[in-house]
Amino acid sequence: MSECPLYVSPELYDELFSPATADAARLERLRASEAFYVAEARRGKNALEIGCGTGRLTIPIAKAGVAITGVDLSAVMLGKAREKAAADEVLIELVEGDMRDFDLGRRFETVLIPGNSLLHMLEERDVERALDAARRHLAPGGRLIFDITLWNDGEGPVRHCTTTLPGGRLIEYDLRVISPGELERYLEAAGLRLDVRYGDFGRQPFTPSSPRQLCSAGHSGRAKATSYTHLDVYKRQARHLPSP
Ligand SMILES: C[S@@+](CC[C@H](N)C(=O)[O-])C[C@H]1O[C@@H](n2cnc3c(N)ncnc32)[C@H](O)[C@@H]1O
């Protein structure tokens, strides 16, 4: 698991994602990602956001009339989300939990893992456990929606990332790299089926040079494999597959 300094400083996180400090391209991306997730969540009556952070997307989704629950590992990020939801007078259920191992005891029509949160799962086993937990919370016929960055420079399976905050402070953290082929195998092993994959928040079709993988998946209806890690045939294939 990666420790990102932003998740102990919710103010820094919100500063990084503030429209006030974003350049035009980033502002466009922030708006497009919010519009995308709100539109997806509105297709169902209720939604679960895994890795909800300070509520950047959770709050607009609640304002759109969707009953939403947010889960996050960081108590301080959740505290900030709670404060912002109260200020905006929206009702959101916020739960502290680890995406690899939580059980809310109910299922949701839409499960979201936005903004690279899945890539904080640095070990294969963590990715498997997170997708398994997401599937267990997905109602029959429900949709799991998530986005992950696609890098094509060969660095991996764990990538060291840096981000400069508006004030100039450098933030360092690690993210897992998941290629398009690996992603399909992870989903299959978790009992999920990839239905749609876009290349960006404008819903352009996915290509190997797209900046991100923006996916919608549902229950595959097939029994879950014991573990992606234990599927030796997949591991052998993965080694010989071209990266995207
Ligand atoms: C990039 S932020 C995304 C926040 C929000 N979804 C957004 O798009 O603004 C990733 C979030 O995942 C949370 N996170 C990281 N590891 C987690 C884990 N194992 N279980 C639950 N949340 C986790 C972090 O605390 C952080 O709030």
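The buried residues of helix α4 pack against four elements of this predicted model, namely α1 (10-16), α3 (58-63), β2 (67-72) and β3 (93-96). These partners are listed below.

| Element packed against by the buried residues of α4 | Residues |
|---|---|
| α1 | 10-16 |
| α3 | 58-63 |
| β2 | 67-72 |
| β3 | 93-96 |

The residues of α4 that count as buried are M77, L78, A81 and A85. Because they cover an arc of only 95° around the axis, they lie on the same side of α4. This fits a general property of the fold element: an α-helix has 3.6 residues a turn, so residues three or four places apart point the same way. On the other side of α4, by contrast, A75, A86 and A87 are exposed.

The length of the helix can be checked as well: α4 comprises 13 residues (residues 75-87), which at 1.5 Å a residue should span 18 Å, and its end C-alpha atoms are indeed 18 Å apart, so the two values agree. Just after α4, E89 takes a positive phi of about 55°.

Helix α4 belongs to a protein chain with seven helices and nine strands. For 244 residues, a compact globule would have a radius of gyration near 18 Å, and the protein chain, with 17 Å, agrees with that expectation. Taken along the principal axes, its C-alpha atoms fill a box of roughly 50 × 40 × 30 Å, and 35% of the 244 residues count as buried. Among contacts between residues at least 6 apart in sequence, 67% join residues at least 24 apart.

Definitions and conventions:
Residues are numbered from 1 along each chain as its sequence is written. This is a predicted model: local features need pLDDT of at least 70, side-chain atom pairs count only at pLDDT 80 or more; totals for chains, interfaces and linings use all residues. Helices (H or I, at least four residues) and strands (E, at least two) are DSSP runs, numbered from the N terminus. The expected span of a helix is 1.5 Å times one less than its number of residues. A residue is buried if 20 or more other C-beta atoms lie within 10 Å of its own, exposed if 12 or fewer, and partly exposed in between; C-beta atoms are placed from the backbone. The arc is that of the directions from the helix axis to the C-beta atoms. Two residues are in contact if their C-beta atoms, placed from the backbone, lie within 7 Å. The radius of gyration is taken over C-alpha atoms; the globule rule is 2.2 Å times the number of residues to the power 0.38.
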